[in-house]
Amino acid sequence: MEETLRAKYKGLWVKVTKDVFIRLLVIDDAQKIFECLRTDCKFIGNFDLEEYFGNTSHWKIIVFCDEYQSLPFLLSYNSEKKIISRYGTYIFDMKRLKERIPSKDDYEFLSSKKVTIIGCGAGGSKDAEYLVKSGVGKIVLIDDDILQTENILRHSCQLDDLSIEKIYAVEDKLRKINPYIDVSTSRKNLDVIDSNTNKLIHDSDLIIVATAANEALFNEYAFSHGIPAIYSKVYPMGFGGEIIRVIPGVTPCFDCSHHFKEFIIQETMPEAEFPEYGTISYDSLSDGTPVPIPALAVDSDFISLIGVKMALDVLIEKDPKSLVNSSHIRLWGNKKEWIFNQPYQCISIENDSVKSIKNCIICHGNSVIEKELDKTSDQIDNEYNKILSQIKSTAHEEKNGNN
């Protein structure tokens, strides 16, 4: 600590013991600062800062407290406005950052894990925050939106982040939690996975889809690349939400999982009606216009917390196949509504009830196409190349004809 102070923080210092000033220093020599800080001379008389400093109206003072000697803090004093502001720890020991993580082995292991979060709204921002606090060391943030006033009461970021792109506001938040976090950002709305996006996310250990848009696109990409994925959503007015976890080689794809989830609910609770709250689906009006989903943060946060716990299960396990018997679909209810017969109820869909649809191209790949066309993979490739060659030849002839 002395080296840090010696290099940067010469000037005005105060040493205190709880509520009692012990020493006030106005010294430019670092060595004299340390000598005085080590003494316990009583603060003498009624010291008037304004009288001592004359017309100076704004000072910054670093304060040491005997109770926490390694944690000095910064005071900012404005004599014109008569305001004293206290900031957090001015010098901190990053070696202690992970001291209260339950398992240091898991923490170190997670520090090498890479998670891509698609959508940095209320859910995605909280997912990112909790993952970093759990020890995940690499985060990719993808979103094209700007933080607006109506986002604040549910979002991880604050009013001083307004009008900033969500990815950058969340990035700043994460760096304040852990300055050494590896964060990559991409400001775009993904309708396709282009080459730049693929380069950014292809080596992810997990993808979290925290947006209801283009789930089919992310399902196809993640499943075909063998990347586990978490799909989460909050229901209207925050009465509940759901999380679907997809692990290639362990679970069906998202489309199949979602299909069977809906089928099971309909079969087991045919009388249950999903509350619309004036909307047809959970995020659109009757004319198809997308609308924000009103919900309290305390309601939507339950979904993020459950989703992050399910994500950590995947990241910590050395072999995801060990999760074959874990529940991969969870529905959470904040209220006694729809299929929930009491508040704060978590319903898990049994794995045996969720299967791959036999003609699902995502789950079964080319075999579905081969079966539909009654041709082998080589035959299909040959026909494709033949058709493509004919198209190119026709285009070339038309071009020459126009010339």
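Where does S163 lie? In this predicted model, S163 is placed in the loop that runs between β7 (138-142) and α6 (166-177). Its backbone has a positive phi of about 75 degrees although S163 is not a glycine, and this can be set against a general tendency. Most residues other than glycine have a negative phi. S163 counts as exposed because its relative accessibility is 56%, and the cut-off for that class is over 50%.

A second residue with this backbone feature is W338, whose phi is near 60 degrees, again a positive value in a residue other than glycine. W338 lies in the loop between β12 and β13, and with a relative accessible area of 18% it is buried, since that class takes in values under 20%.

The side chain of W338 leads to the aromatic residues of the model, in which the count of aromatic pairs comes to nine. In one of these pairs the rings of Y235 and W338 have their centres 5.6 Å apart, and because their planes stand at 90 degrees the arrangement is edge-to-face. This pair joins distant parts of the chain, given that Y235 sits in the loop between β10 (229-234) and β11 (240-246) while W338 belongs to the loop between β12 and β13, 103 residues away. Both partners, Y235 and W338, are buried.

W338 also forms an aromatic pair with F274, which is likewise edge-to-face, with 4.9 Å from centre to centre and 80 degrees between the planes. Here too distant parts of the chain are linked, with F274 in the loop between α9 (254-268) and α10 (297-316) and W338 in the loop between β12 and β13, 64 residues apart. F274 has a relative accessible area of 29% and is therefore classed as partly exposed, whereas W338 is buried. Taken together, Y235, F239, F274, W338 and F340 form one aromatic cluster.

The loop that carries W338 also holds K336, which is found between β12 (329-333) and β13 (345-348). Is K336 buried or exposed? K336 is exposed, because its relative accessible area is 61% and the class begins over 50%. When neighbours within four places in sequence are left aside, K336 is in contact with N341, Q342 and P343. K336 and G240 are 96 residues apart in sequence, yet their C-alpha atoms are 9.6 Å apart in space.

Another lysine, K318, is placed over the face of an aromatic ring, that of F109, at 4.1 Å from the ring centre.

From the loops the path turns to the helices. Helix α5 (residues 122-134) packs with α10 at an angle of about 45 degrees, the two axes being 9 Å apart, and α5 and α10 are therefore oblique to each other. Their crossing is right-handed. On the side of α5 the contact is made by G123, K126, D127, Y130, L131 and S134, and on the side of α10 by A297, D301, S304, L305, V308, A311, L312 and L315. A general point about helices helps in reading such lists. An α-helix has 3.6 residues a turn, so residues three or four places apart point the same way.

Helix α8 (residues 215-224) is mostly covered, with seven of its ten residues buried; these are E215, L217, F218, N219, Y221, A222 and F223. Just after α8 comes G226, which takes a positive phi of about 70 degrees.

Two serines complete the tour. S257 lies in helix α9 and is buried, because its relative accessible area is 3%. Not counting residues up to four places away in sequence, S257 touches I244, V246, P252, I329 and V354. S327, by contrast in setting, has its place in the loop between α10 and β12, and with 14% relative accessibility S327 counts as buried. Beyond its neighbours within four places in sequence, S327 is in contact with R245, M310, S348, I349 and N351. S327 and E350 are 23 residues apart in sequence, while from C-alpha to C-alpha they are 6.6 Å apart in space.

Key: Residues are numbered from 1 along each chain as its sequence is written. Side-chain values use heavy atoms; hydrogens and water are left out. Helices (H or I, at least four residues) and strands (E, at least two) are DSSP runs, numbered from the N terminus. Buried means under 20% relative accessible area, exposed over 50%, partly exposed in between (1.4 Å probe, protein chains only). Contact means heavy atoms within 4.5 Å. Rings of Phe, Tyr and Trp (its six-membered ring) pair if their centres lie within 6.5 Å; planes under 30 degrees apart count as stacked, over 60 as edge-to-face and the rest as tilted. A charge sits over a ring if NZ of Lys or CZ of Arg is within 6 Å of the ring centre and within 35 degrees of the ring normal. Axes are lines fitted to C-alpha atoms, for helices over the stretch in contact, and angles run from 0 to 180 degrees between N-to-C directions. Angles under 35 degrees count as roughly parallel, over 145 as roughly antiparallel, 65 to 115 as roughly perpendicular and the rest as oblique. A crossing is left-handed if the near helix is turned anticlockwise from the far one by less than a right angle, and right-handed if clockwise.
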